[in-house]
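Please open the model in your viewer and keep the selection tool at hand, as each stop below begins with something to pick out.

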Amino acid sequence: MSQRRPCEYLRFQGTNHTFTIVYTPHFLDRQEERSKAHLPNVLADLDFDDLFNRATVGQCYALPVVGNMYMYVRRAWHRRRKRWEFELISLTPANHLQTKNRHFALPFPESSSD
């Protein structure tokens, strides 16, 4: 049995908070599959500071990204590590959106500048 890959972390200096972007193993696996298939990088052109500031703490969101995909994300306060985190949970094709019937995630809130 292969060992599960660990999370990866990136410390990010935002305008209101310093936070850690958490790349979950599931998200990293999906990113790797897309990379091997020469598909667009879903993280390109994302403004993590804006996303973090618009997200409600604890709520999971489905964010539409390049390549007809949805990225599932969540803003959280990690009590044990005493830090803000922005978790990149999963990546699914747009036809597998899980916001309507399962109450898993909400569509990401619109920006006030949109």
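**A tour from a buried charge outwards**

Begin by selecting Glu87, which counts as buried because its relative accessibility is 16%, under the 20% that sets the limit for this class. Bear in mind throughout that the model is predicted.

Keep Glu87 on display and add Arg74, since these two residues form a salt bridge in which the closest N and O atoms are 2.7 Å apart. Arg74 lies in strand β4 and Glu87 in strand β5, so the pair ties together parts of the chain that are 13 residues apart in sequence. Is Arg74 buried or partly exposed? With a relative accessibility of 28%, Arg74 counts as partly exposed, whereas Glu87, as noted above, is buried.

Next, select Glu85, which is buried with a relative accessible area of 4%. The side chain of Glu85 meets that of Arg83 in a salt bridge, at 2.8 Å from N to O, and it also meets the side chain of Arg81 in a salt bridge, at 3.8 Å from N to O. Arg81 is partly exposed, having a relative accessible area of 37%. The structure holds eight salt bridges, and for a further group you can select Arg5, Asp29, Glu32 and Lys36, which are linked in a network of such bridges.

Now switch to a ribbon view and color the strands. What is the order of the strands in the open sheet? Its six strands run β1-β2-β5-β4-β3-β6, and their pairing is mixed. At the edges are β1, residues 8-13, and β6, residues 106-107, each of which pairs on one side only. Select β1 together with β2, residues 18-23, and you will find the two strands paired in the antiparallel sense over six bridges; within this pair, Leu10 stands opposite Ile21 of β2. Add helix α1, residues 25-36, which packs on the sheet and touches β1, β2, β4 (69-78) and β5 (83-93), its direction making about 45° with that of β5.

The next stop is the nonpolar interior, best viewed with side chains shown. The largest nonpolar core has 22 residues, and the members that touch the most others are Phe27, Leu43, Phe48, Met71, Phe86 and Leu88. At least two residues of this core come from each of β2, α1, α2 (48-54), β3 (60-65), β4 and β5, and β5 gives the most, with four. Center the view on Phe86 and display its surroundings: leaving aside neighbours within four places in sequence, its contacts include Phe19, Ile21, Val22, Phe48, Leu51, Phe52 and Val73, together with the charged residues Arg74 and Arg75. Apart from this core lies another, of six residues, among them Tyr70, Tyr72, Ile89 and Ala105.

Finish by selecting Asn68, whose place is in the loop between β3 and β4. Asn68 is exposed, with a relative accessible area of 61%. Which residues does Asn68 contact, leaving aside its neighbours within four places in sequence? They are Pro93 and Ala94. If you display the C-alpha atoms of Asn68 and Pro93, you will find them separated by 6.2 Å, although the two residues are 25 residues apart along the chain.

Note on methods. Residues are numbered from 1 along each chain as its sequence is written. This is a predicted model: local features need pLDDT of at least 70, side-chain atom pairs count only at pLDDT 80 or more; totals for chains, interfaces and linings use all residues. Side-chain values use heavy atoms; hydrogens and water are left out. Two strands pair if DSSP finds at least two bridges between them. Contact means heavy atoms within 4.5 Å. Axes are lines fitted to C-alpha atoms, for helices over the stretch in contact, and angles run from 0 to 180 degrees between N-to-C directions. A nonpolar core is a set of buried Ala, Val, Leu, Ile, Met, Phe, Trp, Tyr and Cys residues joined through side-chain atoms within 4.5 Å. Buried means under 20% relative accessible area, exposed over 50%, partly exposed in between (1.4 Å probe, protein chains only). A salt bridge is a side-chain nitrogen of Lys or Arg within 4 Å of a carboxyl oxygen of Asp or Glu.
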